[in-house]
Amino acid sequence: MRTRSTAAALSAALLLCSSLVFASPAKTYQVTGPILEVRNDMIAVQKGNDRWEVARDPSTSMKSGTPKVGDKVLIEYRMSATSVEVKPAAAAAKKKK
């Protein structure tokens with residue numbers, strides 16, 4: 001009996017671990033354009049008529065050189081939520097008599 005419960009627990013643990021292995025990371029996106037501003041924590045790029053500000057940190061990989069204003073860059077980034085605020089859906093309108 002003890003062997004069955006141990007085998008069941010081991011099977012459950014392996015199933016849980018295998019689902020974590022196959023979880024895909026967040027989708028990556030790209031933005032290309034000339035640099036408008038460079039700071040230690042951000043790079044601003046001109047994309048069409050819009051200014052895109054992309055955050056960066058010490059783990060950001062700089063593949064070639066140091067970026068400077070005016071250089072054209074290709075930035076790969078991921079979107080991830082920092083917080084979520086849930087608001088309940090509006091109540092269904094009451095039927096008129």
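Which element gives the largest share of the lining of the largest pocket? I began with this question, keeping in mind that the model I am reading is a predicted one.

**Entry 1, elements.** I looked up the secondary structure before turning to the pocket, and I found one helix and four strands in the protein. Read from the N terminus on, the elements run α-β-β-β-β, with the helix ahead of the strands.

**Entry 2, surface and burial.** I then checked how much of the chain is covered, and of the 97 residues of the protein, 13% count as buried, where buried stands for under 20% relative accessible area. The accessible surface comes to about 8900 Å², and carbon and sulfur atoms hold 57% of that area.

**Entry 3, contacts.** Next I asked what part of the contacts with a separation of 6 or more joins residues 24 or more positions apart, and I noted a figure of 51% for the protein.

**Entry 4, the pocket.** Rolling a probe the size of a water molecule over the atoms shows where empty space is left. The largest pocket I found has a volume of about 710 Å³. I listed 22 residues along its lining, and those closest to the centre of the pocket are Thr60, Ser61, Leu74, Ile75 and Glu76. Two elements give two or more residues to this lining, namely strand 3 (50-55) and strand 4 (72-78).

**Entry 5, back to the opening question.** The answer is strand 4, which supplies seven residues, the largest share of the lining of the largest pocket. Sorting the lining residues by character, I recorded nine nonpolar, seven polar and six charged.

Note on methods. Residues numbered from 1 in each chain as written. Predicted model: local features only at pLDDT ≥ 70, side-chain atom pairs only at ≥ 80, totals over all residues. Heavy atoms only, no water. Buried < 20%, exposed > 50% of the residue type's maximum accessible area, 1.4 Å probe, protein only. Contact = heavy atoms within 4.5 Å. Areas by Shrake-Rupley, 256 points an atom, 1.4 Å probe, with all protein chains shown as cover. 1 Å grid on protein atoms, 1.4 Å probe; cavity = no way out; pocket = protein on both sides within 12 Å on 5 of 7 lines; lining within 4 Å. Points joined across faces, edges and corners; volume = space filled by probe spheres on them. Nonpolar A, V, L, I, M, F, W, Y, C, P; charged D, E, K, R; others polar.
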